[in-house]
Amino acid sequence: QVQLVESGGGLVQAGGSLRLSCAASGRFFSTYTMGWFRQAAGEEREFVASISWSSGSTSYADSVKGRFTISRDNTKVTVYLQMDSLKPEDTAVYYCAAGRVSVVGGVDWWGQGTQVTVSS
C-alpha cells in the first residue's frame, strides 16, 4: 500500500502561481510513476502531468504544457507540481496519483485531493 498526502492548494488570481506537493509513504518503489490529475465541477477527472520516479521523464497534458512543471525529490519521496500563468479554467480539485507502471494506463493509488481556485 502507498499513501499519498497533498498540500499547497488555494486561491490565486489569474496569472499567478501555486505549487502543489504530494508526499508518498508506505511501500513505494522507485519503479513507480507519480502524477497529477484534476477534476473541475461537473467534469470528468483528467490527466495533468506525470513523472517516472526512476528516470525522471515527464509527460504533460497539452492544456498545461509550458505553464506547469512536475518534479520530484527522491530523498523526501515527494512530487511537486509548479503551476505558473494560472487561468480560471485551471480551477479544479487536484489529485496526486501513483501507479506501479504508468498513471496514464491506470492509477493504483490516489491522494485525497486539494482545491485550486483561480479567480479572473
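**Strand pairing, disulfide and aromatic contacts in a predicted model**

Val 5 stands opposite Ala 23 of strand E3. The model is predicted. Nearby in the register, Glu 6 has Cys 22 of E3 as its bridge partner. Strands E1 and E3 pair in the antiparallel sense, over six bridges. E3 also pairs with E8, again antiparallel and over six bridges. In that pairing, Leu 18 has Met 83 of E8 as its bridge partner.

These pairings belong to an open sheet of four strands. The strand order is E1-E3-E8-E7, and the pairing is antiparallel. E1 (2-7) and E7 (68-73) are the edge strands, each paired on one side only. From one strand to the next, the twist averages 20°.

The structure holds one disulfide. Cys 22 and Cys 96 form the link, with their sulfur atoms 2.0 Å apart. The angle about the S-S bond is -85°, and the link is left-handed. Cys 22 lies in strand E3 (residues 18-26) and Cys 96 in strand E9 (residues 92-99), so the disulfide ties together parts that are 74 residues apart in sequence. Both Cys 22 and Cys 96 are buried. Cys 22 thus has two roles in the description: it is the bridge partner of Glu 6, and it forms the disulfide with Cys 96.

Aromatic contacts were examined next. With a limit of 6.5 Å between ring centres, the count comes to seven aromatic pairs. One of the pairs is formed by Phe 37 and Trp 110. Their ring centres are 5.1 Å apart, and their planes meet at 70°. Planes over 60 degrees apart count as edge-to-face, so the pair of Phe 37 and Trp 110 falls in that class. Phe 37 lies in strand E4 (residues 33-39), whereas Trp 110 lies in strand E10 (residues 109-110). The pair therefore ties together parts that are 73 residues apart in sequence.

The two partners differ in burial class. Phe 37 is buried, at a relative accessible area of 10%. Trp 110 is partly exposed, at 37%. The dividing value is 20%, with buried residues under it.

An aromatic cluster is also present. Phe 28, Phe 29, Tyr 32, Trp 53 and Trp 109 make it up.

Arg 45 is placed over two rings. The charged end of Arg 45 sits over the ring of Trp 110, 4.4 Å from the ring centre. Arg 45 also lies over the face of Tyr 95, at 3.6 Å from the centre of that ring. Trp 110 therefore takes part in both kinds of contact: an edge-to-face pair with Phe 37 and the placement of Arg 45 over its ring.

Backbone geometry was considered in the loops. Val 77 is not a glycine, yet its phi is positive, at about 50°. Val 77 lies in the loop between E7 and strand E8 (78-83). Its relative accessibility is 22%, which means that Val 77 counts as partly exposed. Ser 85 also has a positive phi, near 50°, and is a residue other than glycine. Ser 85 belongs to the loop between E8 and E9. At 41% relative accessibility, Ser 85 counts as partly exposed.

Asp 90 is found in the loop between E8 and E9 as well. Asp 90 is buried, with a relative accessible area of 1%. Residues up to four places away in sequence were set aside for its contacts. Asp 90 then touches Arg 38, Arg 67, Phe 68, Ser 85, Val 116 and Val 118.

Ala 92 lies in strand E9. At 3% relative accessibility, Ala 92 counts as buried. With neighbours within four places in sequence left aside, Ala 92 is in contact with Arg 38, Gln 39, Ala 40, Thr 114, Gln 115 and Val 116. Arg 38 and Val 116 appear among the contacts of Asp 90 and among those of Ala 92. Ala 92 and Ala 14 are 78 residues apart in sequence. Their C-alpha atoms are 14 Å apart in space.

Note on methods. Residues numbered from 1 in each chain as written. Predicted model: local features only at pLDDT ≥ 70, side-chain atom pairs only at ≥ 80, totals over all residues. Heavy atoms only, no water. Phe/Tyr/Trp six-rings, centres within 6.5 Å; stacked < 30°, edge-to-face > 60°. Buried < 20%, exposed > 50% of the residue type's maximum accessible area, 1.4 Å probe, protein only. Lys NZ or Arg CZ within 6 Å of the ring centre and 35° of its normal. Disulfide = S-S within 2.5 Å. Pairing = 2+ DSSP bridges. Axes fitted to C-alpha atoms, helices over the stretch in contact; angles between N-to-C directions. Contact = heavy atoms within 4.5 Å.
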